[in-house]
Amino acid sequence: MGIHRRRAGEYVRPAGRVLLDDYCRPEGEYYASGAYYLQDSLSRFEAGQKVEAELVPEPCNPWDARAVAYDVEGQRAAYLPATAAKMWHDVVRGWNAAGFAVYVAAEVNRWETDGEVRFGLTVPKWDWQTLLAMAETVGLKEASRAALEELTEEQRLLMREDGGYTPHETALEALWRKRGQHPACAWGGKRDGGLSERMPFWYGYVVRERMREEEERLRYARSVKSALTRGFKDEIRRRKERESERERLLRREQVEYALRLHGEGRRHQDIAAELDLTPKQVEGLLHRARKAAGITLQRNEDLRKERYGAAAEVLRHKRSGMARAQIARAMGRSVESVKELLQDAVFYEAPDAHPERLELARHCAELRGAGLVKDQVLEKLGVTRAKGLRAFRDASFLETLGAAQGEAAPSGL
């Protein structure tokens with residue numbers, strides 16, 4: 001490779017200056033390229049001598065249109081490696097256009113090979129964040145975005161196919177044709193190869209950055225969606241728990257109310273109407289309530305005795321001349337409950353005086369004795385559910401008293 005002779009005005013040192021070492025800390029150091037061919041510029045220095053090296057872009061360099069040289073005291077002394085120059089060329093040009101020459105602290109080094117003394121230049125190695133900060137400061141990212149925005153949607157998609165490294169020729173040709181409108185980003189020369197090798201580094205970087213930003217937004221959207229989904233699921237779960245609790249409380253209130261009404265002698269049909277349930281639901285509700293409460297046969301017997309006592313009390317009030325409404329108020333029951341208890345009391349007092357009811361009670365007792373369950377018994381009786389349930393109570397009354405043959409009721413009735 002020959003030595004590039006800079007054209008007049010190819011580089012004019014700006015009035016301002018910036019020494020990168022004053023602002024950034026390098027992550028290491030390395031030997032600059034090309035010093036072997038530029039010994040005249042370095043041999044005048046002592047080995048180990050500290051110098052300042054100026055970064056000088058060479059856009060007219062026929063071997064590399066994006067070359068960046070290191071000048072020491074106005075003379076070219078070395079070069080940035082070609083891969084680094086692709087990134088730094090536009091950055092340095094941007095700072096030069098803003099009025100600043102860019103310098104780095106360097107050191108002259110010396111070595112001998114086969115008795116021949118050679119000089120080199122040790123320069124700092126800057127990390128990616130330093131380069132990126134310098135590029136953003138002079139607007140390289142904005143300039144690259146502006147160039148890419150002039151592509152069609154299809155061409156922008158072609159730029160993204162491999163992350164902006166070797167885009168499709170269609171997109172590259174569109175960018176190449178408009179390169180004069182975006183001078184901040186320099187294209188490589190013909191020696192670099194095809195358009196993908198010559199494309200400005202910052203075009204590809206912006207493509208990849210956009211892809212990363214979209215991926216970040218997508219991840220964020222997914223995380224938000226995931227959080228919302230968890231929130232919705234938690235809310236649904238809490239709502240179901242609240243509804244379950246309300247239902248549990250409602251059922252408890254229904255059970256308590258149903259048990260109270262049943263204890264007053266109300267029929268299942270009446271209780272069902274009060275609770276907006278079916279008689280079957282009321283029957284199941286009472287059954288489960290008694291089962292949950294551990295009500296035994298002895299408890300059932302106690303309930304029957306309570307009913308016999310209530311029936312006897314209603315009958316005494318009736319014979320004393322009280323009307324049903326008065327009895328209901330006196331006993332804290334409904335008029336309908338008093339009517340039903342009065343009918344039971346009359347039957348309990350003289351079952352034989354009510355042959356049809358007695359016969360139905362005996363038939364019910366026989367079916368129960370045969371092992372039939374309640375629903376089967378009610379079906380076999382062939383009467384309304386209300387009469388069938390009354391037959392159950394009557395059968396229990398007869399069984400309790402040992403009156404299967406129609407013996408008289410207790411003297412209390």
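This passage describes helix packing, helix geometry and one strand residue in a predicted model.

Helix 3 takes part in two helix contacts described here. Two packed helices are described by the angle between their axes and the distance between the axes. Helix 3 spans residues 128-137, and helix 8 spans residues 201-263. Their axes lie 13 Å apart, at an angle of about 100°. Angles of 65 to 115 degrees count as roughly perpendicular, and helix 3 is therefore roughly perpendicular to helix 8. On the helix 3 side, the contact involves W128, L131, L132 and A135. These residues meet F201, W202 and Y205 of helix 8. By class, this contact holds 7 nonpolar residues, with no polar and no charged ones.

The second contact joins helix 3 to helix 4, which covers residues 140-149. Here the axes come within 5 Å and cross at roughly 65°. These two helices are therefore also roughly perpendicular to each other. L132, A135 and E136 of helix 3 meet L140, K141 and E142 of helix 4. The contact of helix 3 with helix 4 has 3 nonpolar residues, 3 charged residues and no polar ones. L132 and A135 of helix 3 thus appear in the contact with helix 8 and in the contact with helix 4.

Helix 2 comprises 16 residues, 82-97. At 1.5 Å a residue its span should be 22 Å, and its end C-alpha atoms are 22 Å apart, so the two values agree. Helix 2 nevertheless bends by about 40° at W88. W88 is also one of the buried residues of this helix. The others are A84, A85, H89, D90, V91, V92, G94, W95 and N96. After helix 2 comes G99, which has a positive phi, near 100°.

G99 also takes part in a contact with strand 1. This strand runs over residues 16-19 and includes G16. Leaving aside residues up to four places away in sequence, G16 touches G99, F100 and A101. G16 and F397 are separated by 381 residues in sequence. In space, their C-alpha atoms are 116 Å apart.

Helix 13 has 15 residues, 335-349. From first C-alpha to last, helix 13 reaches 21 Å, close to the 21 Å expected at 1.5 Å a residue. Its buried residues include the nonpolar V338, L341, L342, A345, F347 and Y348. The charged residues E340 and D344 are buried as well, as is S337.

Methods:
Residues numbered from 1 in each chain as written. Predicted model: local features only at pLDDT ≥ 70, side-chain atom pairs only at ≥ 80, totals over all residues. Heavy atoms only, no water. Axes fitted to C-alpha atoms, helices over the stretch in contact; angles between N-to-C directions. Helix = DSSP H or I, 4+ residues; strand = E, 2+ residues; numbered from the N terminus. Parallel < 35°, antiparallel > 145°, perpendicular 65-115°, else oblique. Contact = heavy atoms within 4.5 Å. Expected span 1.5 Å × (residues − 1). Buried < 20%, exposed > 50% of the residue type's maximum accessible area, 1.4 Å probe, protein only. Bend = angle between axes of the 7 residues up to and from the residue.
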